[in-house]
Structure formats: C-alpha cells, structure tokens
Amino acid sequence: MALDRKIAYVNLTTGDIEIKPIPLSIRKRFLGGRGLDAYLLYNHAPKGVDPMSPDNPLIISAGLLVATCASASARTHVMAKSPLTGLLGSTNMGGFFAPELAWAGFHHLVVTGKAKKPSYLFVHDGTIEILDASDLWGKTTTETQWAIREALGDDEIKSLVIGPAGENLVRFANVMTGIKNSGGRTGMGCVMGAKNLKAVAARGTMDIKIAHPMEALEFNKRFIDQITSAKVNQTQGTLGTPFIWGATNCWGGLRTRNFQYNQLEYADDIEPEHLDEIATETIGPHHMTGCFGCQVHCRAQYRIPSGPYAGRYDEGPEYTSLGAFGAEPGCTSAETVLTGNHLVNQFGMDNLETGSMISWAMELFEEGILSEKDTDGLDLRFGNDAALLEMVERICYRKGWLGDVLADGGIPAAEKIGKGAFDYLIQVKGMNNLHSDERATPALALNIATASRGSDHLRSRPAIDLYHLPEEVLRKIYGTPIPYKGPLSSEHTAYEGKAWMVFWQENCYMAVDCLGICKYHTTFLGATLPNFEDWPKAIYYNTGLEFSPEELWTIAERCNMIERMYNLREGLTRNDLKKGDTLNHRYFDEPCKKGAPDVIGMSIDREKFEKMLNEFYEYKGLDKNGRPKAATLKRLGLEKEPSRLL
Amino acid sequence: MPMENAKQSAAESLRKTRTFGKVRCHNPSCMGRIQPEPGARRVKCPTCGMEYRLYWVNPTLPRIRGPVWDVNKEIAAKTFAEKEAAGRIAGKKKGGK
C-alpha cells in the first residue's frame, strides 16, 4: 500500500538511521509530499537555525500518489530552511526519482547532521546505507548519476544529486535528477553541500499495492483523456513550456533586461518553434520526452548546434531558461540559450536565479554601480552573450570578486555591492522573480508577493487569468469546492476578485504537491484540467483513503498555513522588502514600455494592491499583519503545533 | 465502490467550452477570437489590427508563434506616444529610488 511507505531519519554526523511508519492520523491531516514536509520542517527545524548548520533538516519526499496508477505521479519534493532566503526552502521536481524512492519503501527522508567526508545515501528495498562519495565530489550532475550506477552495478538506480555549485555552497544551487529535472528554487543543493551530501540514490522493487486496482485503472483512463484532450497539453507535448514564453513575449509580459522592459523584440531565433526546427535529437515527430507516468511529454531534447559546446546533449530549455539566457540578459541567440541551459544543468544551479542575478549585475554595470574592476575586466553589458556564459561559470566556482558575491544570492550581494544596488533587485523574500513581468496582471503580482518560498509562479499563480475566460467559466472553476459569490473578472488587468483566485490556486497547487502530481495536470495552464473534485477518486481507488473535495481543500489550507507559520517564526513581516509580502518599488513606479497597447503604461496601483492583499489575508484567516488568527489555527487544527508526532 | 463516478466534475464539464481552429488575440483589451485560414502562416486581428505569426500544433490547433514585429511595434510606439502625451504614463523612475 502507498500508506505503508515509511519515513527515515538519517543523522549524517553520527551515522544513526531510524525508520518509522507514518501514522494514518498524520496522513489524514497533511497527506504527504510537500504538506507533510512542511509539518516535519516546522517540527524539526530549530527556530532561527543557520541554513548551513548540521541542525537544518533536509527533507526529501515522494507525494502520496507517487508510483500508483495515477497519471503523472512522479514528483519529488525537497524542503529545508533556505540558505537563499532565510525562510522556507522548498522545491519540487519531476523525473523518475520519487517512484524509485517509493518502490524502495520510503515516502519521506529527514536528513540532519553533517558527514565528515563527502557521502551519499543509498536507499534500497527498506534499507538505507551511507556510502563514501569522495570519488564523486567535483563531478557534474550527470557524471555523478552515471558514476553511482557504475559503482553499484545497477543501471536502474535513480539519483537525486548536486553538482559543483552545491559543493561550492552557491546559495541557489539546485538538486537534480536525470538530465534536467531540477529542484531549482531556494537553494536546496546548497543545503546538501553544507552536509557533505553529494547524492541520494534509490532503487526499489517493493510493490505498491493498489487499494482498488481495477477502479484505479478505469478512473485513470478518464483522467488521461481529460489531460491529453486539453489543447494546452497538446501544445506542451509539441513545444514544451517555452510555448508560454512565446505567447507572453507577444503581449509584453516578459521581464526583459532586469525589468527595464517587458518584451524582447525580434527574438525569433529563440522561439520554441525555431528550437524545434533545429533540434536533431528526437524520439517522435517532435523532440520531446517525459517524466514517469506522464502522457504530456513536455520535456524537449536537443544537441547544442554550434559554439564551444557544440554537440553536447541536454534537455529543455524550459520557459525559465529562455528568460534566464534570453530576455533577461537581452540575448537573442539560440546557441546562447541552449548553452546556458546546459551549463546550469551540469553545474546544478537554478537557471532562474542565475539569469536574474547576472541580469541584475548587468544593469548595475550599465548604471556605473559596478565597474570593470569589479568584473575583473568583463564587459558585463546587456546582450553580451560571452559575458553571460562566463558569469555562469564564475558564479558556480565562485571565481573573482563578483562571481563570489553573486553566488551568495541577491540580498547579501546587494549589501556587499552597496550604492543602492538593492533597489534594482527584482525579488520577493530574497528570491528573484520568474522571468515574467506582472505589472499588467495584478493577480499575478499578488501571487508572487505572497508565495511562501519567495517570488514564485508555482505556489498560487492564477495563470488562466490571462485567457479572458467568460465569467461563468471562472465561477465554475473558482466556486468549487468552496462556494464563492464575490466578484470575478475576466479582465486580467483588473483587481476585483483576484485575491480569491490567488487563494484558490494556492490551495490547488498545495494539494497536487501533497499528492505528487505534476501541475500540468491541474488548473494551472489549462482551465479544463482536474482539480479538487477529481482527486478524491484517484486517492480512494489508489490508497483507500476517503476524502471529500471540501476535506481536501481544508488539508491544503492547513498545509499552506503551517508553511506560513514557519515563515512567521523565521521573521516574515507584511511590508518588509526583504522578508515580506510585498514587491520591489519598480512594480509601482516604472510603467511598462512595450507590448500590446493596453499593457503600455501599466504599473501596479499601490493602494489597490494593498486592498487586494488585505482581502487575501482575510480569505486565509490572517490578521492585517498577516499572522493567523486564533480561530483560524483552531479551525485548521494547528493550535498545538509543534506537536512533534512524527 | 462508494465513490460517485457518473457525475462529471466541474473541470470535466468545461471540456465542451474548448474551441478549435481559432486563436485569441494577445492584445489584452481585445482578446477577440480569430479564425485563420487552415495552415495560414500569419493572421491579422480584424478588431485591433495586431498581426501575428502562426504555428500549427496539428491541423485543428493553431497557436500564435509571435508578433509580426514591424506591425505591432508601430502600434506600440504610437500608443506609447499618445499615452505619454496624455500624461497617462505615470512615473518614469528607473532602478534606484
């Protein structure tokens, strides 16, 4: 049974390993995956712990439905205190690792301590070993994975690894599995590096008994039909996530040159359709592949066509790499985007944060805040492709003054650079924004301001707000499973009703993250994809657990609230530019200059934004300072946390 | 089996709202549905004049690949100038406060 999967506590300092069952009572309150990880972090992380300290617990998990008969149930989640933000660290990735972890008998690993020498965990069929990783240290992410398979003599081993960036404690180092599946955000690779933990390898042959197998398969056929018939997924299966980049660039919603512009003009060379045309690696009519149990296949494959890395194979680029190595640094070359994507994948470094940090430095350079002395002679102007790629390597290996400074993340770097550099940094809670520009989309602006892990599009973004859907369609989506009678607007430049949409999406995304299902299989980019009414069936048939849609909603609320409680304990305050639910002043002060006629001239209205934030707090049951009311904690059963039940 | 299976969920019921063979204009104030000729490489929005390059995922599923830059840039530049002259572009602060 999925419910039989265990939790293991691994202390790298002492070598102690303790394995426990996960009580059903905890499952019913937090499900699994990200939600249960948040419970564990709140209960096991000492208040104010240094993220680099051995006491910072690193939590790795597979969602509740991983490796069952539910489609796209492949998600791994990793959580710890973030070395980038000092708040909640949380990252989610696809691929094949999570199913292997589940087949090996585990859903959650809690890793504390610090190994005396480079080490890795080998999780297999109910047991865990701590093995020597001295020979792996220094290797790239793919080299590490292949070396583990060779050392252990099993090509079916799936590993979650760090690259040189994690070893060098780059505060936005990621964890990787496969060629490009990345747990990119909030620096979880840095936490692994601080623990001398190079990898977690998994191999399992333990069956997962399905509660009602025939019904589970039958229902999943319906689920698959719903997924594959969606236009958005047919497009993703052809072009991958970059299709969003093309559409967004069209109307002027793309962060360009560190927020100076909102559109990268004449970017035809890096449009996904062109990348498809030049890709030579292919397994079908297009160059796409997919994660475990997924029918969408949104992951592109390619070989770099030219330049010093010509011929190297990689996967992607995702939307974020088109932003990181295209629009943000003002580069329009496919070779540069494909090479930048390859480098961060191999180094194990968050593409989004890397591109944002370099683009921020480019603006500082053009403004005279950074000089050629600071860059060791590098001409760090926008549009300099070679300088961009050089900086990727300098950050990974902390080469030169600027490479070392940027590797520490935006807020510490701004303090070291001084001269008002912080004002140019497009971040929330210390994490850079996605390469999108939210000045014309108040709902999306509220989403990034309030996301629990810092500026982020995968925590509460009502992306379908951009589709101009009729109000009756919006009511059907946002009025289920909890009735909602307030305003809803089809107009994405409006402020009315957006707080509820963000609140709804926050709970929707938490639920899929608990279940271990990919967001492309829910109401993220497509309005007709499964959500609260569909999941209880998948949960029941696969695990035997019974929930109503309303109960699932409440669980998601509870999980979101415990993340909020963690952030509050670590210093979140409403209007703090470094740790709060607010935006850089440029959102309010600098209007959009490019794009569609209606977008030009738009910026976020501060007063309306604050009103929207107040409404959002009310829906969540928070007071005006963003702290949970006593009645809210009682309603969600969180008034006695930390309860230390697991 | 205690689960109610026959009833469609809200998400499933919305499948009937899908449209094929059309794209939406990417101009936020317009968002009109445009029906290009099958296989067409370009399409112009009859309402607002924005012009787009097209990509066909399959014969019934066109997507906007990108703008026709010269056409849309001209519209954007004209709009910017009009809004600026009318004082509707508030604040031009750049970077530092």
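This is a short tour of a predicted model with chains A and B, moving from one whole chain to its details and then to the contact between the chains.

Because the model is predicted, local features need pLDDT of at least 70 and side-chain atom pairs count only at pLDDT 80 or more, while totals for chains, interfaces and linings use all residues. Residues are numbered from 1 along each chain as its sequence is written, and chains are lettered from A and ligands numbered from 1 in the order in which they are written.

**Chain A as a whole.** Select chain A, whose C-alpha atoms fill a box of roughly 60 × 60 × 50 Å along the principal axes. Its radius of gyration (taken over C-alpha atoms) is 23 Å, which agrees with the value near 26 Å for a compact globule of 646 residues, by a rule of 2.2 Å times the number of residues to the power 0.38. Colour by secondary structure to find 24 helices and 17 strands, which are DSSP runs (H or I, at least four residues, for helices; E, at least two, for strands) numbered from the N terminus.

**Two helices.** Next select residues 213–228 (α7) and 535–543 (α20) of chain A, whose axes come within 8 Å and cross at roughly 150°; axes are lines fitted to C-alpha atoms over the stretch in contact, with angles from 0 to 180 degrees between N-to-C directions. The angle makes α7(A) roughly antiparallel to α20(A), a term for angles over 145 degrees. Show the side chains of Glu215(A), Ala216(A), Phe219(A) and Phe223(A) in α7(A), which meet Lys537(A), Ala538(A), Tyr541(A) and Asn542(A) in α20(A); contact here requires C-beta atoms, placed from the backbone, within 7 Å.

**A sheet of three strands.** Now turn to the open antiparallel sheet of chain A with the order β13-β14-β15, where strands pair if DSSP finds at least two bridges between them. The edge strands, each pairing on one side only, are β13 (288–289) and β15 (313–315) of chain A. Two bridges join β13(A) to β14(A), residues 299–303, and Thr289(A) has Arg299(A) as its bridge partner in β14(A).

**Where the chains touch.** Finally, show both chains and select the contact, which takes 55 residues from chain A and 44 residues from chain B. On the chain B side, the elements giving two or more residues are α1 (10–13), β4 (51–58), β5 (61–67) and α2 (69–85) of chain B, and α2(B) gives the largest share, seven residues.

Methods: Two residues are in contact if their C-beta atoms, placed from the backbone, lie within 7 Å. Angles under 35 degrees count as roughly parallel, over 145 as roughly antiparallel, 65 to 115 as roughly perpendicular and the rest as oblique.
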